[in-house]
Amino acid sequence: MTTTRSALSASIDPAAEAVLDELILSMADDEFVIGFSDSEWTGIAPILEEDIAMSSLAQDELGHARALYELLAELRGAGQTADAIAYDREPADYRHARLLDHGRGDWAMTIARRYLYDTADGSRLEGLAKSSFAPLRELVDKIRREERYHVMHATTWLERLARHPGEPRDRLIASLEELAPDAATVFTPLDGEALLVETGLIAESMAALEARWRATITPLFVGLDLPMPPPGDLDGGRTTHGEPFRWLWGEFTSVRRSDPGAIW
Amino acid sequence: MTDQTPPDRDLDGTSDGDGRTLEPWEVFRREKDGDPMRHGGSVMAPDALLAVHYARELYGRRQESVALWVVRRADIHDLADPDLLQPPLDRSFKKPGGYVMRDKLAAARQQSGQAKPKARSGQPKRPTGPAGTADR
């Protein structure tokens, strides 16, 4: 944080600014990482139509990440850029949820992760729909309109895999079980988030948003007889990144690192 | 497309494909409000719901459509019989181009001594009379 505040941050309670920064960074990193993971299906998805659909969803997520990084750069001021925030950090400095750290996996894993993440993201976005920070509120309004389709797509596939006994259902359940301990890490509490709630930047605490998320997905999980993710250990839910993320980081930063400082 | 959870019959495959085999679906798209639906192309999908998803991605992801219709190709009744559509005898008399009225009208006017009526906007205003009596 610089001592001179950006024009954008002037409207925000100075004490809340660091937490808001952390919130926007975590949202941007979530979208960025799932976007890159899903883009790994380009060219190898089950059928051409799904290949285009999944690639398009991945692009949507990268688009959301870009908009969030741009907002963050403006908030920070001092010559920050979206690209620098997105690409010029070490793996340990990314703040995405551990849910997104399991590698691309098979199709069932991709669908399980997409469903858990998209629904959790939906709950978080709902909590920001009336944020007192207008630039974030306006961006969230646009993102929610696109995310609605993402949830529809993930739900369509989750239902199909769950309802076909044998390999589709078995693989789906194996993926849900692998992701279960990390499923709720999207709701990892932010340091000082009480201040965000007090100042109306977010409507509710992460714990309250998690409860909403569980209430949203329970009917479908019960209807399909799928294992609900148990309450997870959220300690380090956005700071401990494993080997699959280091590999992904190496991939998505490779071009930028090949010529540091180049103008693309 | 709605964000309601679709009814089971769309998911268990009893009414919209068997959910396991891919089949072609034809996609029609409206480019902007007021335009007619035009055929855009086709997608392969195992059922109606995924067909709509894929139509959205292939024919709408770049905001090039404001509405889509997705129809299972098997539900389309086609007609391509040349005897019915391209019969061998001369049919030019059925085309509107077969009736060229301009010359016939000109000849009729000349015969009757009537001039060609002027365009509406060129007509003089009607004389004004007491309200409501002008046309009686």
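Q: Is the crossing in which α4(A) passes α6(A) left-handed or right-handed?
A: This is a predicted model, in which local features need pLDDT of at least 70, side-chain atom pairs count only at pLDDT 80 or more, and totals for chains, interfaces and linings use all residues. Residues are numbered from 1 along each chain as its sequence is written, with chains lettered from A and ligands numbered from 1 in the order in which they are written. The crossing of α4(A) over α6(A) (clockwise turn of the near helix from the far one, by less than a right angle) is right-handed.

Q: Which residues of α6(A) make the contact with α4(A)?
A: From α4(A), the contact (C-beta atoms, placed from the backbone, within 7 Å) takes A108(A), M109(A), A112(A), R113(A) and L116(A). By class, the contact of α4(A) with α6(A) has seven nonpolar, one polar and two charged residues (Asp, Glu, Lys and Arg being charged; Ala, Val, Leu, Ile, Met, Phe, Trp, Tyr, Cys and Pro nonpolar; the others polar). On the α6(A) side stand R171(A), L172(A), S175(A), L176(A) and L179(A).

Q: How are α4(A) and α6(A) oriented to each other?
A: Helix α4 (residues 107-127) of chain A packs against helix α6 (residues 167-179) of chain A at about 50 degrees, with the axes 8 Å apart. Axes are fitted to C-alpha atoms over the stretch in contact, and angles run from 0 to 180 degrees between N-to-C directions. Angles under 35 degrees count as roughly parallel, over 145 as roughly antiparallel and 65 to 115 as roughly perpendicular, the rest being oblique. The two helices, α4(A) and α6(A), are therefore oblique.

Q: How many helices does chain A have?
A: The C-alpha trace of chain A spans about 60 × 45 × 30 Å along its principal axes. Chain A has zero strands (DSSP E runs of at least two residues). Its helices (H or I runs of at least four) number 10.

Key
Two residues are in contact if their C-beta atoms, placed from the backbone, lie within 7 Å.
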